[in-house]
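User: Could you take a close look at the aromatic pairs in this model for me, and then walk me through the spaces inside the protein and what lines them? I would like one connected account that I can follow with the structure open.

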Amino acid sequence: MASATARSTELRMFLDTTRKFAEAQASTTQLRTWWREGQGLDRPWWRQVTELGWTSLLVPEEHGGGSLTGEALLDLFALTEILGELAVPGPTNVLNSVLAALVHPKAQPGVDVRWLSELMAGERVATWAHPPATSLSAQPGRDGLLLNGTALAVEFGAHADLVLVRAATQERPVLVLIDTHAPGVTVRPTQSIDPARPFADLAVNDGRGTLVAQGPDVEPIVARLQQVLNVLQVAETVGGSGRVLDLATQWAFERYSFGRPLASYQALKHRYADLATHQHAARAIALRAARAVQDTEADAALLVSAAKSYVGEVSLEIMQDCAQLLGGLSQTMEHDLHLYLRRAMLARQTYGTPYEHRQVVASLLLDREAAA
């Protein structure tokens, strides 16, 4: 019991440090500066982030990482919720998901030694090319695999040193790390609704890749990566919608009408209560999905898709309703609401839309019913 209490205390200290650093070094004012300068990632700032341990929680201790409570993904969920609350930029989610893939038991031996320390130290950045937008073929070459094809809409693609991609040889699927600075790889930045989350298209022409997994080992790693990425995305979105609701609630107490604060009107009380109920439900389903992935439960895929579907819908409803409650104030670029709304809209469209995840839920439930 004492050790569990100590771990819980350590986690609280870690989260407090995270919040203080983010408030001082990654404020929304700083975020706007990055937007104006077209700067998707500040490398010196990113190295500070990695020193705080934001990128090492999912990596085992034998490789230089380690969780705080023994439940790495839940620790990372708590961290990511704070990052979402404060609209912190950076590739934390996608990089942690790639790290989860590289340390997967089915990954090729030797991958950890070659890449993990550099990624955790902020010396390199890695990202993931989502399969539906990826069309890559691979064939053996003199110095490893040679890849050809394209990977579209790669998050932080223009800032990443390594891109994890799923490709196919004539015999089997493969999972490969591509060095974006190597010959044969062309990176073209694209526009994003959230400039702090830039995307890029990759064209690969006889580019070399490092094998991570092949054959039947590929799908379990990809499934795990996508579950982790979606869990972190909903955690961030829940943090953002909670922050927007707090801003709207605070404004209701500060804004007076006919000598009374808006928060004193019964009709608005009901409206805020409904929003709070939706927010609590969103966080509950997100946390439940994180627990399922943490414990590799049989229903993990079902719960992750349920969470992504629900949070993707309700977070936008909360933010848009708060925009109405705030009135014209929320329509100004000086107000923070649009920062969160942009990120929530982007999250809703990446790594599976709510509609696509509802289809996954329906398919899994039908399979379960057929097997019963």
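Analyst: Counting rings whose centres lie within 6.5 Å, this predicted model has 2 aromatic pairs. Take phenylalanine 21 and tryptophan 54 to begin with: their ring centres are 5.9 Å apart and the planes meet at 85°, so this pair is edge-to-face. An angle over 60 degrees is what earns that label. Phenylalanine 21 belongs to helix α1 (residues 2-25), while tryptophan 54 sits in the loop between α3 (43-51) and α4 (72-85), so the contact ties together parts that are 33 residues apart in sequence. Phenylalanine 21 and tryptophan 54 are both buried.

The other pair to look up is tryptophan 45 with tryptophan 46. Here the centres are 6.4 Å from each other and the planes make an angle of 40°, which is a tilted arrangement. Tryptophan 45 and tryptophan 46 are buried as well.

One more ring deserves a stop, this time for a charge above its face. Arginine 260 lies over the face of tyrosine 265, and the distance to the ring centre is 4.2 Å.

Now to the helix α5, which spans residues 92-102. How many of its residues are buried? The count is 11 of 11, so to speak of α5 as mostly covered is fair by the under 20% cut-off for relative accessible area. Among the buried residues of α5 are Thr92, Asn93, Val94 and Leu95. Keep Asn93 in mind, as Asn93 also appears in the lining of the largest cavity.

That brings us to the enclosed spaces. There are 4 cavities of 30 Å³ or more in the structure. The largest cavity holds about 100 Å³ of space. Besides Asn93, its lining includes Glu155, Arg197, Phe199, Leu229, Gln233 and Tyr351. Helices α7 (218-254) and α10 (337-349) each bring at least two residues to this lining. By class, the lining of the largest cavity has 5 nonpolar, 3 polar and 4 charged residues.

The second largest cavity has a volume of about 80 Å³. Its lining also draws at least two residues from each of α7 and α10, and α10 gives the largest share, with 5 residues. Gly84, Ala87, Thr237, Gly240, Met319, Leu339 and Tyr340 are among the residues around the second largest cavity. In this lining 6 residues are nonpolar, 3 are polar and 2 are charged. If you select Glu236, Arg343 and Ala347, you will find them in the lining of the largest cavity and in that of the second largest cavity too.

Finally, turn to the open spaces. The largest pocket contains about 340 Å³. Its lining is made up of 17 residues, and Gln226, Asn230, Ser305, His357 and Val360 are those nearest the centre. Two or more residues come from each of α7, α9 (300-326) and α11 (354-371). Of these, α7 contributes the most, with 6 residues. The classes in the lining of the largest pocket come to 8 nonpolar, 7 polar and 2 charged. Helix α7 is thus a good one to colour while you explore: α7 supplies residues to the lining of the largest cavity, to that of the second largest cavity and to that of the largest pocket.

How values were computed
Residues are numbered from 1 along each chain as its sequence is written. This is a predicted model: local features need pLDDT of at least 70, side-chain atom pairs count only at pLDDT 80 or more; totals for chains, interfaces and linings use all residues. Side-chain values use heavy atoms; hydrogens and water are left out. On a 1 Å grid over the protein atoms alone, a cavity is a set of points where a 1.4 Å probe fits but cannot get out, and a pocket is an open set with protein on both sides within 12 Å along at least five of seven lines; lining residues have an atom within 4 Å of a point. Grid points are joined across faces, edges and corners, and a volume is the space filled by probe spheres set on the points. Helices (H or I, at least four residues) and strands (E, at least two) are DSSP runs, numbered from the N terminus. Ala, Val, Leu, Ile, Met, Phe, Trp, Tyr, Cys and Pro count as nonpolar, Asp, Glu, Lys and Arg as charged, and the others, Gly among them, as polar. Rings of Phe, Tyr and Trp (its six-membered ring) pair if their centres lie within 6.5 Å; planes under 30 degrees apart count as stacked, over 60 as edge-to-face and the rest as tilted. Buried means under 20% relative accessible area, exposed over 50%, partly exposed in between (1.4 Å probe, protein chains only). A charge sits over a ring if NZ of Lys or CZ of Arg is within 6 Å of the ring centre and within 35 degrees of the ring normal.
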